[in-house]
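Trainee: Please take a close look at the salt bridges in this model. I would like to know where the partners sit and what lies around them.

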Amino acid sequence: MKVISYMVPVVMLLLSFLYNNNPFIVKEEAQQAFLLLNTIRSNPDQYYKELHLNAQLKITKTPLRWNDTLARVAEAKALDMAKRNYFNHVSPEGVGINYLVNQSGYTLNTDWLKDKKENFFESLGSGHDSGVEAVKSLIIDNGDAAKGHRDHLLGIGEWDASLADIGIGFVKCDGEGGKYQSYTCIIIAKHNW
């Protein structure tokens with residue numbers, strides 16, 4: 001199973017050499033984003049005004065647990081988007097995060113893998129200076145467009161509140177030719193429902 005968990009990110013990395021905008025993983029930014037999410041979840045009252053949240057939202061207080069496997073998949077996805085200059089929940093080959101997570105060895109319910117394009121566990125951001133800025137941008141309540149990411153990250157609703165494992169990939173680009181200066185992939189999931 002460990003071989004599989006390393007194969008998906010390696011294949012994505014090999015494909016990514018087709019483009020050159022010098023992207024690099026910044027683990028510190030991912031950790032800062034992780035800490036912020038848990039801080040918001042544990043004390044949402046401090047963030048209602050800053051993040052334009054409705055005080056009636058039922059934000060879960062359940063802390064997220066860092067998962068190295070999910071982090072490797074999130075890093076590989078963010079790096080792949082940066083190197084191949086796309087921003088989408090589905091890769092140019094038509095592969096979504098559910099499939100990539102399952103291939104990494106982190107088992108999901110196989111019913112969700114019938115369509116390789118499915119995404120029930122990923123929030124994406126682009127063009128942010130930091131992981132903290134990416135998280136805040138995804139959470140800010142700007143209506144329906146942001147609702148899915150906000151609910152996913154803050155555990156709003158029964159489904160999202162049941163997800164407890166997290167991995168974050170934050171990638172910066174310092175070269176020419178890239179669409180965005182950074183890419184963020186946040187995966188929050190739960191083993192085998």
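Mentor: A residue is called buried when its relative accessible area is under 20% and exposed when that area is over 50%; partly exposed lies in between (1.4 Å probe, protein chains only). By that rule Arg84 is buried, at 9%. The model is predicted, so local features need pLDDT of at least 70 and side-chain atom pairs count only at pLDDT 80 or more, while totals for chains, interfaces and linings use all residues. Residues are numbered from 1 along each chain as its sequence is written, and side-chain values use heavy atoms, with hydrogens and water left out.

A salt bridge here is a side-chain nitrogen of Lys or Arg within 4 Å of a carboxyl oxygen of Asp or Glu. The structure has 7 of them. Arg84 pairs with Asp80, N to O, at 2.8 Å. Both residues belong to helix α3, 4 residues apart, so about one helical turn separates them. (Helices are DSSP runs of H or I with at least four residues, strands are runs of E with at least two, and both are numbered from the N terminus.) Asp80 is buried too, at 1% relative accessibility. Through shared partners, salt bridges join Asp80, Arg84 and Glu93 into one network.

Next to Arg84 in sequence, Asn85 lies in the loop between α3 and α4. Its phi is near 60°, a positive value in a residue other than glycine. Most residues other than glycine have a negative phi. Asn85 is partly exposed, with a relative accessible area of 28%.

A second bridge joins Arg65 to Asp165, with the closest N and O atoms 2.8 Å apart. This pair links distant parts of the chain, 100 residues apart: Arg65 is in strand β2 (residues 65–66) and Asp165 is in strand β4. Asp165 is buried, at 8% relative accessibility. Asp165 is also among the contacts (heavy atoms within 4.5 Å) of Ile187, leaving aside neighbours within four places in sequence. Others on that list include Leu70, Val73 and Phe121.

Ile187, together with Ile139, has the most contacts inside the largest nonpolar core, which has 47 residues. Such a core is a set of buried Ala, Val, Leu, Ile, Met, Phe, Trp, Tyr and Cys residues joined through side-chain atoms within 4.5 Å. The elements giving two or more residues to this core include α3 (68–84) and β4 (165–173). α3 gives the most, with 7 residues.

A third bridge pairs Asp151 with Arg150, at 2.9 Å between the closest N and O atoms. Both of these residues are buried.
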